[in-house]
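Student: I'd like to learn how to read the features of a model like this one. Can we go through a few together?

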Amino acid sequence: MSIQTKIGKEQIGSREFWSITNKVLGRGKSSVPTLINGPEVISSSVDKAELFAKNFASNSTLDDKGCALPDYPTKTDKSLSNFTVSAKEVAKLIRALDSTKATGPDNIPVVVLKNISPELSPILAKVFNKCIHQNCFPSSWKISSVCPVYKNAGDRSSPSQYRPISLLSIMSKLLESVINKRVTRHLTKNNLLCDEQYGFRSSRSTADVLTVITHRVSEALDDGFMTRAVALDISKAFDKVWHRGLLLKLSKNG
């Protein structure tokens, strides 16, 4: 069967559609070519891994010594305190997992969790509740397998053209989902999110942003005004999140 026939049978945007597309375009290849790091030529797998580890670690290092916390106002008198996770909720989260997702360092695949969900869900619920009530996140669940992925731009031999993808334990992601669900619900219920924030929110998308911008530009043109737009692209924004500042904002938001 030809590539054209194969891709024509798939729904645009589906996993299979992109799988065929990426294969044709040569994207997503796991092999890393010989790397050029200044005058240094790196060809062995061990040396490549060590170089990537050093670069990725430096991108995640933030020197905040002597940096005072901002005068961030309290946003609400409501607070998200201790909550309880049920076995039923854990089972629902396990059912919703994508079986094709890669495993973390524990090498426990999603299909195993799904097959033993009736026995596992009550146990995980107890572990999750213990973690929440004791303000603890297991150290073993923080360990990840980091894979360098080419950005599909620039020279493949340049170490800076790769970004890290962290593969965590599936169970750690389940606990993250539990916490994220409560935090998002708290922020939404108490109107603590800016109405103009479209990213990482349910029922919001980049299409909404484009609609708003198009509307504002059209209004300005109709009224004879000029429109200016300022776009900021912050390098390594997620890698260099200021943890102390983030924790302060979380506390001020209850």
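Tutor: Here is a short walk through pockets, ring pairs, burial and cysteines. This is a predicted model, where local features need pLDDT of at least 70, side-chain atom pairs count only at pLDDT 80 or more, and totals for chains, interfaces and linings use all residues. Residues are numbered from 1 along each chain as its sequence is written, and side-chain values use heavy atoms, with hydrogens and water left out.

Student: What is the volume of the largest pocket, and which residues lie nearest its centre?

Tutor: Rolling a probe the size of a water molecule over the atoms shows where empty space is left. On a 1 Å grid over the protein atoms alone, a pocket is an open set of points where a 1.4 Å probe fits, with protein on both sides within 12 Å along at least five of seven lines; lining residues have an atom within 4 Å of a point. A volume is the space filled by probe spheres set on the points, which are joined across faces, edges and corners. Here the largest pocket comes to about 2400 Å³. Its lining has 43 residues, with Ile179, Asn180, Val183, Leu246 and Leu250 nearest the centre.

Student: Which elements give two or more residues to that lining?

Tutor: Helices are DSSP runs (H or I, at least four residues), as are strands (E, at least two), numbered from the N terminus. H6, H7 and helix H9 (243–252) do so, and H7 gives the largest share, nine residues.

Student: His186 is in helix H7. Is His186 buried or exposed?

Tutor: Buried means under 20% relative accessible area, exposed over 50%, and partly exposed in between (1.4 Å probe, protein chains only). His186 counts as buried because its relative accessibility is 10%. Leaving out residues up to four places away in sequence, His186 touches (heavy atoms within 4.5 Å) several residues, including Thr76, Leu192 and Asn253.

Student: How many aromatic pairs are there?

Tutor: Rings of Phe, Tyr and Trp (its six-membered ring) pair if their centres lie within 6.5 Å; planes under 30 degrees apart are stacked, over 60 edge-to-face, the rest tilted. The structure has six such pairs. Phe128 and Trp141 make an edge-to-face one, 6.0 Å centre to centre with 80° between the planes. Phe128 lies in helix H6 and Trp141 in the loop between H6 and strand E3, so the pair ties together parts 13 residues apart in sequence.

Student: And how many disulfides?

Tutor: Zero, counting pairs of cysteine sulfur atoms within 2.5 Å. Cys67 is partly exposed at 37%, and Cys194 is partly exposed at 44%.
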